[in-house]
Structure formats: C-alpha cells, structure tokens
Amino acid sequence: MPSDNDGIMVILSSPSGAGKTTLVNLLSKKDNFEVSISHTTRQPRPGEVPHKDYYFVNDKEFRRLINNQEFLEYAKVFKNYYGTTRTPVINNLNRGKNVLFDIDWQGADQIKNKKLDYKLITFFILPPSKKVLLERLSNRHKKENLIVEERIEQFERDVLHWINYDYVVINDDLNKCYLKIKNLISAEINHGSKDYDLEYIRNHVEKLTS
Ligand code: ADP
Ligand code: 5GP
C-alpha cells in the first residue's frame, strides 16, 4: 500500500508531437514535482540540454545499463532506445516527491505491470486534429520531412493505446490542457470530484482515426 508520505508517479504519454514534453515542463513547475530524466541513444535536438532533457548515451552504455538491471522500464521508440533508471525515481518517491514521466506506451505498460507501492496516475495526450499535429511536427522538425512523415505514420498505431490510460486529455489550448491535468491530479490526490467525460474522448479518438 502506498504511504501518505510517499510521492506519486504521474505518466504522460502521447503520439509524438501532441505536446506531452511541453506539458511535463509546465507541470514540473508545480510544487513538489520532479521530472524523471530518461536515458536515450538518440542524438540531441538543437536546444536540448544533456542531463536536463535526457542523458544522451551510446548503444554500448545503454546495453550496460540493461545488463546491470538499472532500468525501471526501457523501450525502442523510432529506432532509438529510451529508458528510465530506477534509483533516482525511487529515491524521489521515498523523499515524498512526485515524479513525472514523459514516456511512451510501452514504458507506461511496464511501469503499470510492476505494481509498485506508489500511487500511479496515467495520462494520454491527444492533439485536437491530425492537421494540427502535422503543423506541430513540421514546426518542431523544420526541413526534416522524413521524420515528420515517420511520426505521422506512427500516430495511427500509437493512438490506439489511449484505452489503457486513466485519463485522456486533448491538447488544444495549452493552458486549458495544463489546468485539466493539474485538476485531475489534485482530485486524485485529494479524492475530490473529477471533471472527465469519457464519451467525449471516445468520439474524439474516432474522429482522429476515421
Ligand atoms: P511531444 O513531446 O508530445 O512529442 P512537444 O511537447 O515537443 O510534443 O510539442 C510538439 C510541438 O508542438 C512543440 O513545438 C510545442 O512547442 C508545440 N505545442 C505543444 N503544445 C501546443 C499547444 N497547445 N498549442 C500550440 N503548440 C503546441
Ligand atoms: P523524443 O525523441 O521525441 O524526445 O521522444 C520519442 C518518444 O520516446 C516519446 O514518446 C517519449 O515519451 C518517449 N520516451 C522518452 N523517454 C522515454 C523513456 O525513458 N522510456 C520510454 N519507454 N519512452 C520514452
């Protein structure tokens, strides 16, 4: 059973480009939230800061971490490996810090299946439309058409995992989406009432995939 003094785990996943990293950064400014920094074998993007956005490592180092069983979860996403090391997460939770994870559905499944003794809330972020998703991806990956195409193609598969999450939130207006997530987390922690319409989400997913 989770103790009241322990932190909670909050996972945000989404199809690439829907805005989870932006939302995680906003949420991390909320009191008592620490972002879990993942290891990855992918190259840094312009503006990304090592040891803040990711620990950028090579394949050999990533394999060493796997062999030493240091990962709480890891997965291959878009040809690269990504993983969350266990020790910093558990240390933060035991110190009463809430930990935010920006990880994909494979990692979310692995953490869920571990049934750790800490409260876990999972969010899946969706874009308002495929058109907007394309705009956001094109903006983030300027002149990298192949990456944009690859991620749009992957969208069709990734979106199907929405059903395995506690909450699905549409990231149209950034601030409204942030407040929605913040309020749902507060309601979960304080056992308050939740403003959440599953039918609306189901219809939105149908529109996105039709
Ligand atoms: P993800 O982590 O899900 O791949 P990002 O957080 O990197 O997505 O967001 C993708 C792009 O969309 C970024 O350039 C980001 O600034 C932008 N973005 C995120 N949320 C919104 C929003 N609500 N409105 C407009 N642009 C957004
Ligand atoms: P990006 O390369 O755009 O930063 O991330 C690509 C995908 O990898 C995103 O869906 C992101 O959430 C996911 N990701 C980032 N870190 C991890 C991690 O540690 N584990 C897993 N499973 N996925 C991750």
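Which ligand has an oxygen atom 2.7 Å from a polar side-chain atom of Asp-102? Keep that in mind as you open the viewer. The model you are looking at is predicted.

**Stop 1: ligand 2**

Select Asp-102 and ligand 2. The answer is here: a polar side-chain atom of Asp-102 lies 2.7 Å from an oxygen atom of ligand 2. Next, add Arg-151. An N or O atom in the side chain of Arg-151 is 3.1 Å from an oxygen atom of ligand 2. Now add Thr-84. Its side chain has a polar atom 3.3 Å from an oxygen atom of ligand 2.

How much of ligand 2 does the protein cover? On its own, ligand 2 has 510 Å² of accessible area, and the protein covers 96% of that.

Color two strands next. Strand E5 (71–77) and strand E6 (80–85) are the elements that give two or more residues to the shell around ligand 2.

Then show the whole shell. There are 16 residues around ligand 2. Ser-38, Arg-42, Arg-45, Tyr-54 and Tyr-82 come nearest. Sort the shell by class: 7 residues are charged, 5 are nonpolar and 4 are polar.

**Stop 2: ligand 1**

Move on to ligand 1. Select the 14 residues that surround ligand 1. The closest are Gly-17, Thr-21, Thr-22, Arg-140 and Asn-171.

Turn on backbone atoms for the next three picks. Start with Asp-172: a polar backbone atom there is 2.9 Å from a nitrogen atom of ligand 1. Go to Leu-174, where a polar backbone atom is 3.4 Å from a nitrogen atom of ligand 1. Finish with Ala-18, which has a polar backbone atom 3.4 Å from an oxygen atom of ligand 1.

What share of ligand 1 is covered by the protein? Ligand 1 has 570 Å² of accessible area on its own, and the protein covers 75% of it.

Which elements give two or more residues to this shell around ligand 1? Color H1 and helix H5 (130–140) to see them. H1 gives the largest share, 3 residues. By class, the shell around ligand 1 has 7 polar, 4 charged and 3 nonpolar residues.

**Stop 3: two helices**

Keep H1 selected. Helix H1 covers residues 20–28. Add helix H7, residues 174–190. The two helices pack with their axes 10 Å apart, at an angle of about 60°. Because of that angle, H1 is oblique to H7. Is the crossing of H1 and H7 left-handed or right-handed? Rotate the view and check: the crossing is right-handed.

Technical notes:
Residues numbered from 1 in each chain as written. Chains lettered and ligands numbered in written order. Predicted model: local features only at pLDDT ≥ 70, side-chain atom pairs only at ≥ 80, totals over all residues. Heavy atoms only, no water. Near = heavy atom within 4 Å. Polar contact = N/O pair within 3.5 Å; in protein donor to acceptor, adjacent residues only side chain to side chain. Areas by Shrake-Rupley, 256 points an atom, 1.4 Å probe, with all protein chains shown as cover. Helix = DSSP H or I, 4+ residues; strand = E, 2+ residues; numbered from the N terminus. Nonpolar A, V, L, I, M, F, W, Y, C, P; charged D, E, K, R; others polar. Axes fitted to C-alpha atoms, helices over the stretch in contact; angles between N-to-C directions. Parallel < 35°, antiparallel > 145°, perpendicular 65-115°, else oblique. Left-handed = near helix turned anticlockwise from the far one by under 90°.
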